[in-house]
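The exercises that follow are meant to be worked with the model open, and each task is followed by a solution that proceeds step by step.

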Amino acid sequence: MAQGITPLAPGLTSFLKSLKSTPADPSVEHLISLLKRRQIRNSRPCAIATTALMLRVVGEFKGRDAAKLVERIRQVGRRLTAAQPREVVVGNIVRRVLGLVREVLDDNTGGDSYAGSDAGHNTPSQHDSMTRPTLHSSISTFSPLRHAATELMDASMTSDMSDSSELSRRPPLLTSHTSYAPTSSAPLVNSLFGLFSQPADSNASTPTGQASPDGKTAQSLNLERLADLSRSSNIDLKGEVMDGIRELQDELDQSDEQIASVALEHIHSNEIILTHTASTTVQKFLLSAAKKRKFTVVHAETYPHDNAATHGILLTGRKRETRLDEDEDPWKPLTSVGIPVYVIPDSHVFAIMSRVNKVILATHTVLANGGLVAAAGAHMIAKAAKEHQTPVVVLSGVYKLSPVYPFDIDELIEYGDAGMVVPYEDGEFVDKVDVEHPLYDYVPADLVDLYITNLGGHAPSYLYRIVADHYRTEDITL
């Protein structure tokens, strides 16, 4: 090895450097090993590495078949998420890239790919569960509006229309299985005890939507539709998708600056701000407000897993390796711009909360229901803020917003080395107790007042709209 060249430790920097000269498949294996060994961790490094890998995978793709490209991206995404399921942002980036492929097809085919993925057929059938059959008149004969209209008619008009039993009689009850099936396909339900009875003819039942009458699943029909659209249209699919991935990389680079640009709208003079963990997003947000505001920052040290990084970022503005150009883009800590910062133990949070004007938290992942996964101690801080009626503001880039719902919260929580809580030297004590060291907390949506993303401020109840704008329904399950 040449003298003066220091080998890079395994991590984000070494992975991005090797990605320039390594093919896609070995790079996938490399990133999987780094994720499993936790040599790349936290949301931003994982997002940067995944986006760079997706750019490499799409760049090496041969052909113009959109279905094969979608399946290739989904295959890589499944392997990456299986390597480290708790890094939800990896799946978010993969879903965003899948949405880019569908968006390119939509822009060049007039939105046919989205319609085809919903219906699953080029022409809807009579019993398609996702397509309502066309009505033969302006008001359906089964609609209450039809019979309400007859009650407003003149008595003379009603007598003239007595021959038309269609308007003067109530329609027969619908079958209990489906309102779209023909009325003659099953016996009518005449009693409440038969509401859940199944019709005699099983062939008349409506498909469930997961499989079509010819036995194909909705996902396979969707892929066939994408393949047909890509063959019928003359578009540079790979080039446009790669341009979209580069825009996604720009979004990752600019998200902190965009969030910090609205800091003056939320931080006012002489306020006491409580924050938590060594987050560059929060520090840049506070630095932006410090240009024109004077306030005080109280910082919980997040002992034991993040206290060293917290002290480092407060003293020097650096915490650990996150980007290639980190040494070329230094920024000053809060103390250098005249902002007083007080570091307190996590156990003192409740005692000082009565004097705090605002709590600003960073997040690891934001879930679709408005809850979030943040560093350990965030739930305690949010609960204390709720008790003292102190507003809680969460800073997060859109790339951290996931379409996943927290059905099992325990699966989202990662545990670290218990020896950092109780040293193994205390062997007699350790043998008698079970020590847990959670690295993350789940904070419910009702403890959060406002989310600030690179798109602006949003209430927790509005996050579902951002999820719908950034992720396709077909791509939620990889």
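**Exercise 1.** Decide whether K358 counts as buried or exposed, and list the residues that K358 touches beyond its neighbours in sequence.

*Solution.* The relative accessibility of K358 is 10%, and since buried means under 20% relative accessible area, K358 counts as buried in this predicted model. Next, place the residue: K358 belongs to strand β4, which covers residues 358–362. Finally, leaving aside residues up to four places away in sequence, K358 touches H266, E271, I272, I273 and L274, and also T390, P391 and V393.

**Exercise 2.** Two residues, R38 and N270, are to be compared by backbone phi, by location and by burial.

*Solution.* Begin with what is usual: most residues other than glycine have a negative phi. R38, although not a glycine, has a positive phi of about 60°, and N270, likewise a residue other than glycine, has a positive phi near 65°. Then locate them: R38 lies in the loop between α2 and α3 (43–59), while N270 is found in the loop between α11 (237–260) and β1 (272–276). As for burial, R38 counts as buried at 15% relative accessibility, whereas N270, with a relative accessible area of 68%, is exposed.

**Exercise 3.** Describe how helix α1 (residues 12–19) packs with helix α2 (residues 24–36), and state which residues make the contact.

*Solution.* The two helices, α1 and α2, pack at an angle of about 175°, with their axes 11 Å apart. Because angles over 145 degrees count as roughly antiparallel, α1 is roughly antiparallel to α2. The contact is made by F15, S18 and L19 on the α1 side and by S27, H30, L31 and L34 on the α2 side. Sorted by character, the residues of this contact comprise 4 nonpolar and 3 polar, with no charged residue.

**Exercise 4.** Characterise helix α4 (residues 66–83) by its span, its start and its buried residues.

*Solution.* Helix α4 has 18 residues and reaches 26 Å from its first C-alpha to its last, which is close to the 26 Å expected at 1.5 Å a residue. At the start of α4, a side-chain oxygen of D65 comes to within 3.0 Å of the backbone nitrogen of A67. The buried residues of α4 include A66, A67, L69, V70 and I73, together with R74, V76, G77, L80 and A83.

**Exercise 5.** How many helices and strands does the chain contain?

*Solution.* The chain contains 17 helices and 10 strands, and buried residues make up 46% of its 478 residues.

Technical notes: Residues are numbered from 1 along each chain as its sequence is written. This is a predicted model: local features need pLDDT of at least 70, side-chain atom pairs count only at pLDDT 80 or more; totals for chains, interfaces and linings use all residues. Side-chain values use heavy atoms; hydrogens and water are left out. Helices (H or I, at least four residues) and strands (E, at least two) are DSSP runs, numbered from the N terminus. The expected span of a helix is 1.5 Å times one less than its number of residues. Buried means under 20% relative accessible area, exposed over 50%, partly exposed in between (1.4 Å probe, protein chains only). A polar contact is a pair of N or O atoms within 3.5 Å; within protein, one must be able to donate a hydrogen and the other to accept it, and residues adjacent in sequence count only if both atoms are side-chain atoms. Axes are lines fitted to C-alpha atoms, for helices over the stretch in contact, and angles run from 0 to 180 degrees between N-to-C directions. Angles under 35 degrees count as roughly parallel, over 145 as roughly antiparallel, 65 to 115 as roughly perpendicular and the rest as oblique. Contact means heavy atoms within 4.5 Å. Ala, Val, Leu, Ile, Met, Phe, Trp, Tyr, Cys and Pro count as nonpolar, Asp, Glu, Lys and Arg as charged, and the others, Gly among them, as polar.
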